[in-house]
Every structure is written in structure tokens, then in C-alpha cells.
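Let's walk through how the strands line up in this one. Pull up the model and follow along.

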Amino acid sequence: MRREIFQIWSISEIYVMLCNCTIYDAQPSQEEPMQYDLIIQNGTIVDGAGLPRYRGDVGIVHGKIASIGKIRASAKDVLDADGHIVAPGFIDGHTHMDAQVNWDPLGTCSCWHGITSVVMGNCGFSLAPCKENDKDLVMRNLERAEDIFPAAMEAGIKWTWETFPDYLDTIDRLPKGINYAAYMGHSALRTYIMGERAFSEEATYDDLERMQREVRDAIRAGAMGFTTSRHVWDV
Ligand SMILES: [Zn+2]
């Protein structure tokens, strides 16, 4: 099952932020619906297409942007964005939110900076695959490499997974204010397959075959891919 992680230009992707700027006026929009669910009015639009910023309105119907420009139709809700920039949310391709997503539904402080989609599991670190009994090993990675307190992880994570697809199912169920996508980390995978040998031995041909199977299953379930690090102390 492939998961649709990003919904570009849906309502959750619009980010409004403060700005002083030089702007152009938008032309009236064509073929407006009778009524919008929401109009974000008088904002300064930076649409990400490389155009100069311009003043305009964004009209939303059923959670999707229906038009951008000068909107004259009515709406159930109107948000005055005068003096603010209205832009698509940013995607942060390098985060370590793997643990935090379990206890922080808003995804702070990424959401404060206009980030609406994050990719986690970078640098070879993820919390899956891992059995609950071995969780200290993968939590230690995040503690050492990313300065995440073990006490926070212990208190904030309900360990409901073993495989990477199980982990993605957990993320699906959690309340989330931003979008998440995940890589499988090499450190967790290696430890999952090799146990204690992961810290002292080279992987055998059989180990590698089992690792490949786990990665394949993870990608089929919606993982973005696999990450690793070239630092020996990260493995
Ligand atoms: Zn990193």
C-alpha cells in the first residue's frame, strides 16, 4: 500500500507569514465558484512558481485552492491577510522528528517556520524496524546524534511497532498538524537483523539479504527510501 504523503496546495499547505514587501495587484480571477469555503484576502502571494510577489486573494473550496487573484465571490469564512505573505508551505527534507511525532501533534518548531511537510529518518537513524525489547538501542542513536532526551522518548512514545510498515501505521494513526514522510535508517535496520553482532562484525551475505527484504517491504508500505551515514560511530 503506497501512502499519499504530500498534498501540495491543499489548505493545510498554505502558510501565512509577516512581511513588508513591494507588490503587484492581481487581476480578477476567472470563472469563480458561487461561494468559497474560505477566502484568504489581501495577502501578498508568493506562489513558488518564480513569479514576482503580488497582492491577491486565495479562494478555497473543499480543502483545495480553487482560484488565486482578485476574488469577488462570497465565502463562509474570510481571513484578512493584509500585511502578510501567503505562500505554499515549505518541505523540510532533513529532520529527525521520528520520536517527536509521537508526542507533539503540531510538529513544533517546524510549523512555526512555515514548514508543512517534513521528512524524517535521515542520517541512518529511524525508530523502526525495532522490537520493543530493543528500543533502547535505537533511542540511544537519537540521543547521541540528535540530542533528544531519553526521558522524553521514554515518556512520549507508545511502542506499537516492530517492522517499518508497523511504524508507518502508527504515524498514520497519530494526530498531526503537518505532513510526514519517512526513510528507514541503516542503524536500526542493521541492529534489527544482526543484534549485538551489528556492533562488532561485518554483515554476512545472509544478513544483507534479510536487510534487503526489510527495505523492500518498507518501500512498498510507503517509506521514502533508505538512509545511511559514512561516520563509523553512527552505524
Ligand atoms: Zn540528520
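Here are some questions and answers on strand pairing in this predicted model.

Q: In what order do the strands of the open four-stranded sheet run?
A: This sheet is open, and its pairing is parallel. Neighbouring strands in it are turned by 30° against each other on average, ignoring direction. Reading across, the order is S8-S9-S10-S11.

Q: Which strands are the edge strands of that sheet?
A: Look for strands that pair on one side only. In the order S8-S9-S10-S11, that fits strand S8 (90-92) and strand S11 (225-227).

Q: In S10, what is the bridge partner of Met-120?
A: Start with strand S9, residues 115-120, which pairs with strand S10, residues 179-185. The two run parallel, with four bridges between them. For Met-120, the partner in S10 is Ala-182.

Q: Do S3 and strand S4 pair in the parallel or antiparallel sense?
A: S4 covers residues 54-61, and six bridges link it with S3. One pair to click on is Leu-38 with its bridge partner Ile-60 in S4. The sense here is antiparallel.

Q: Which residue in S6 does Ile-39 stand opposite?
A: Strand S3 (residues 35-45) also pairs with strand S6 (residues 74-80). That pairing is parallel and has six bridges. Across from Ile-39 you'll find Val-78.

Q: How many bridges join S3 to strand S7?
A: S7 spans residues 84-88 and runs parallel to S3. Thr-44 has Ile-85 as its bridge partner in S7. The number of bridges joining S3 to S7 is two.

Note on methods. Residues numbered from 1 in each chain as written. Predicted model: local features only at pLDDT ≥ 70, side-chain atom pairs only at ≥ 80, totals over all residues. Pairing = 2+ DSSP bridges. Axes fitted to C-alpha atoms, helices over the stretch in contact; angles between N-to-C directions.
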